[in-house]
Structures are given as C-alpha cells and as structure tokens.
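Trainee: Could we go through this structure together, one question at a time? I would like to look at contacts and burial as we go.

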Amino acid sequence: MASILDPAIPVKITKMKARVCWQHPAIRDRKIDQTRLALETPDSDQSEFSFLVIGDSGSGPHTDYNPQRRIAQAMLPHLQDCRFLLHTGDVVYQVGSSEQYPQNFIEPYREWLVGGERPERIAYDKMVFQFPFLAVPGNHDYYNLPWAYGLLTQVMRPLRRLLGTNLNPNIGWHGSHEGDAYARAFLDYLKAIPPEQLPAHLDAHYTGQTETGRCLQYRVGEFTRLPNRYYSFRSGGIDFFALDSSTFNAPSPLPQGPLGSDYRHLLRSQREAVEAEKRAVVEEAIQLREQAPHAQERLDDLQGKIEQLDEVLLDIEKQLTASPMMSIDAEQLLWLKDSLVSSWRNPEVRGRVLFFHHPPYVTEVTKWHQGQTLAVRHHLRWVLNEATKELGREAGDRPVVDLVLCGHAHCFEYLRTLDTGHADSHINWLVCGGSGLSLRRQRPDGPELFETFLGADRQTSESRLVAKSQLYMGLIGHKSERRRPYSFLRIDVKAGTPPRFEVKLHVSERYHQDWEEYALDPLML
C-alpha cells in the first residue's frame, strides 16, 4: 500500500466535477439539480418497502472460492420484492482499476445486468442494470497506482510462483485514475458526450421532476446512471442521502507543542510495529507449503492481513503529514445540511437515511482509532448540529436522521450512540462492509466506545461513553478453525412516522472449506 496513492481531496473533487460537467450552462439553463435522482419503481409510492445493502465487496474470486459471488447469489431470491440495492463503497479492489471490473464486478453481479448471460461482452463503462444498484465511492475506488509499481508487480508474478508463494497484491497494471473508472462505470459521464449532443442528452434523460428542479431519471433496463458522486433520492416517503466520505475524511493536523510531539512519537512507534508485523506475515506466506492443510485459505488470510496492515500504515502517514491547510469538501457538507433541513420541512417526507463509506462509529480492530474515522465523525457532527440548530423545535425530540449505513470496516455491526453531546446522539448505525473482501475481527477493547473531550478549562480532558456495539459479525477463530461470515442486509421499512426498520442479516459463512447459509433474528430499529 505504500506504493498506492490516495489523491488529494481537491483533486478528487475537481476531477469528479469535470466528469459530470458540473453546472454546465446547458444544465443551468434547464434548471437541473445534479444532486437528485428520480427512482421510479412500480410501487414507489407505497410506504412499506424493502431494500438490500452490501459493501466492501469487490475483491474478485479467491483461488478456490468466491465470497462476493456467494453473496450475490444469496441475494437473488430477494430481488422480486426489494426496490433497490445500496452499495456502501469499495466496489472494486485493490485500486479501483477499470481492468478489474470484468472479474471483480460484472461477473459476480451478472444477473443484475442487461446482457448478463454473456458477462464477458459487457464493457465496464456501458453497464445497464436490470435491478437498481445505487452506489457511493469508497477509498479504494479512488486509489492511484504508479506505473512503475504496476509494472514491477506484473513482472514479479512469475518469480513469486517460482519461489513457491501465491501471495500477490490484488492489483493490475494501473489504478483508478483519481476515480475515473468508478465515474465511467456508475455516473452519467457527461464529459464524454460531444458538446453538440449534450442538450439532446439532457432533454432525453433529465426528465425527473422534483421540488428542486429537473433531475436524472433512473430507468431500469434502459438508462441506469447516477447524477453525481453524492446525491439523494426519495422512496416511500423516505429521503436517502448518498455521500462521498472520501472527500471529508482527511485527519486533522497534529497539535503544536508537547502534546503534538508526544503523539507524533506514538504514531512513529506504531508505524514501526506495523511494519514489523507485516514483514512477519510475508515471511509466513513465503514458508507456507501448498500441500499444507487449508494452505490456499491461509494464503488468502495472509494477503488480507497484509492489505489490512497497509491500510493502517496509510492512515498513520495521513496523520503524520496532515497540514493546517488541509481541504474539506465544504460544498458537499453544506449541501447535506441544507438538504436535511429541506427534507424536514417537506410534508411528503417521513424519514431520512444516510449511506456512505467511512463509519464514524465502529469497533472493528483497525478503524476506531483511525484519523479518518475521527475526521468523518467530526464533519458529520457539524452537519447534524447545524441542521438541528436551523430546524429548532421543528424536529421535536427526534434525531435529524433515522438511520446511517456505512462500510469500510470489513464486518457487520449494529451500534447505537448514546448522549454524545452533539446531534448524532441516539442514532442507529449499521456497518455493512463484509460482503466479499477478507473479514476482520472486533477490537479486543470490547463493544463500548469512549471518546476523549477537553474539559471546561481546556487544560484537562475527560472520557465519555458515546456508543455501544449491539451486534458484531466478523472474523472468528484462528487458522484452520477460522469462520468467515460474509453478509448482506435486507431492510424492511415499515409504515408510519417516524419509520421503523426491520433489519435482517443474511450470512454466507465459510468454514472448513464449506459454506453454510443462515439468517439472524431480525433487529427492530
């Protein structure tokens, strides 16, 4: 991962705006809202409905099994009575490359796609869905790969096989080109349309009517593009807000003075420890013999461990190099604040759901202490605080949002916040990031999450319990006794205001080179 590059936030924003021709004169003249999507289904006005949720899925097949395909097959019976699927990000690993879409996305989800009976004929940038597949970008969907590193990795593959190890990075020749592959796969890539054809394209596809203007119309089996990297849509009186958290996840700069110096020293010590652990994992992989019991699954585990450690190293580096001049996607955050307020003031809306990649609350072993986790929590809190202030008594004693769905942590988890001192108190949070890539354990500290706050004198600090994990489903056991419970969610939305959500966790568990399918008892939120 040290040779994998995460583009700067301003680069991500600028590139994505160019791809959708953000606020082009032809778009402004037609009063088109590029952050709205019209999703019409035969029963879209009915208040009771169901939808599916997956995340962190795009790993492609392992040598002798394919978790992502297993989950995709397990979801097929639900397509008849669910309205849509939400994907919480990291669609294609390891670096969001267009060259990996055929194997890591099109092949496993072929039943979702027009022409899916011949998936090898479907171009990644020409996909049309037969069932609504609504995604947000994850951090891996933005990663770049230096050409020299891609070349070296491909050249080294025969040598690795000669040395007797199949431990290979899950990358190809190039990366995502700052999210370009994701944009071409899912967004209405207006940049590629000749200027003289743009007006006709807008008139043909931006026919949805909303209170904020015209918007892109999602037509199953015909035209299934998304308007932007962040957007909203309405179904059954519920407003869904899709966010791009990769543009407001930059860690804050370290404080000045002794406190910052001590923390910088701690981060460097952690980096050395993680690098040493990574060397030990690589050494074990090299020494593992193919004839050993469960050798291939052990190699898969070791590769997943390396990717996990690389992600920790990248986060440490982000914290060490954070600048006071860091950029924040203020435009998206202000859009979300204003949209939440408008949603509350619309009598047709009875609830609000957010979905995005980085979870603000999570107990997965690598994520709670990440600088990115803290950054996303901080910025989302600001949005919810500001929306609450503007609404005043209009929201009553309800939280501003009813449910938050995230990925990034490779597990399923249900958490509930307590009194955080902010407007993110008493909210249900679901992490759905165990739908294909290697799973991860819960942290040894347990299910209670404490946060450190500065005291009133700003010289002392205090610790406050801010959230509790109610259910965690991730990697269990060790070596040959490991259980790998991959999962997806089915959420049944009930009638009434505020809405209630019946959450059903469906599991495809890999154990002793075999699969078991089961579902947990529903959670009523």
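Trainee: What is the relative accessibility of Lys 494?
Mentor: Good place to start, and note that this is a predicted model, in which local features need pLDDT of at least 70, side-chain atom pairs count only at pLDDT 80 or more, and totals for chains, interfaces and linings use all residues. Residues are numbered from 1 along each chain as its sequence is written, and side-chain values use heavy atoms, with hydrogens and water left out. Buried means under 20% relative accessible area, exposed over 50%, and partly exposed in between (1.4 Å probe, protein chains only). Lys 494 therefore counts as partly exposed, with a relative accessibility of 25%.

Trainee: Which residue does the side chain of Lys 494 meet in a salt bridge?
Mentor: Side chains of opposite charge can pair when their charged atoms come close. The term salt bridge asks for a side-chain nitrogen of Lys or Arg within 4 Å of a carboxyl oxygen of Asp or Glu. Here the N to O distance is 3.1 Å, and the partner of Lys 494 is Glu 502.

Trainee: Is Glu 502 buried or exposed?
Mentor: The relative accessible area of Glu 502 is 15%. Because the cut-off is under 20%, Glu 502 is buried.

Trainee: Which residues do salt bridges that share partners join into one network?
Mentor: In this network, the salt bridges share partners. The residues joined in this way are Arg 36, Glu 211, Arg 234, Asp 239 and Glu 348.

Trainee: How many salt bridges does the structure hold?
Mentor: The count covers the structure. The number of salt bridges is 32.

Trainee: How far apart are the closest N and O atoms of Asp 203 and Arg 214?
Mentor: Asp 203 and Arg 214 form a salt bridge, with their closest N and O atoms 3.6 Å apart. The pair links distant parts of the chain, with Asp 203 in helix H7 (residues 198–205) and Arg 214 in strand S6 (residues 213–218). Helices (H or I, at least four residues) and strands (E, at least two) are DSSP runs, numbered from the N terminus. To come back to your distance, the N and O value is 3.6 Å.

Trainee: How many residues apart in sequence are the parts that the pair Glu 394 and Arg 345 ties together?
Mentor: The side chains of Glu 394 and Arg 345 meet in a salt bridge at 2.9 Å, N to O. Glu 394 lies in the loop between helix H11 (371–391) and strand S10 (403–406), and Arg 345 in the loop between helix H10 (330–344) and strand S9 (351–355), so the sequence separation of the parts tied together is 49 residues.

Trainee: What is the relative accessible area of Arg 345?
Mentor: Its partner Glu 394 counts as partly exposed, at 44% relative accessibility. Arg 345 is partly exposed too, with a relative accessible area of 44%.

Trainee: What is the count of aromatic pairs?
Mentor: Rings of Phe, Tyr and Trp (its six-membered ring) pair if their centres lie within 6.5 Å; planes under 30 degrees apart count as stacked, over 60 as edge-to-face and the rest as tilted. By this rule the count is 27.

Trainee: What is the angle between the planes of Phe 49 and Phe 51?
Mentor: These two rings form an aromatic pair at 6.3 Å centre to centre. The pair is tilted, and the angle between the planes is 35°.

Trainee: Where does Tyr 124 lie?
Mentor: Tyr 101 and Tyr 124 form a tilted aromatic pair, 5.5 Å centre to centre and 40° between the planes. The two residues are 23 apart along the chain, with Tyr 101 in helix H4 (residues 101–106) and Tyr 124 in the loop between H4 and strand S4 (133–135).

Trainee: Which residue lies over the face of Tyr 65?
Mentor: A charge sits over a ring if NZ of Lys or CZ of Arg is within 6 Å of the ring centre and within 35 degrees of the ring normal. At 4.3 Å from the ring centre of Tyr 65, the residue is Arg 510.

Trainee: How far apart in space are Val 401 and Ile 427, C-alpha to C-alpha?
Mentor: Val 401 is in the loop between H11 and S10, and Val 401 is buried, with a relative accessible area of 2%. Val 401 and Ile 427 are 26 residues apart in sequence, and their C-alpha to C-alpha distance is 7.5 Å.
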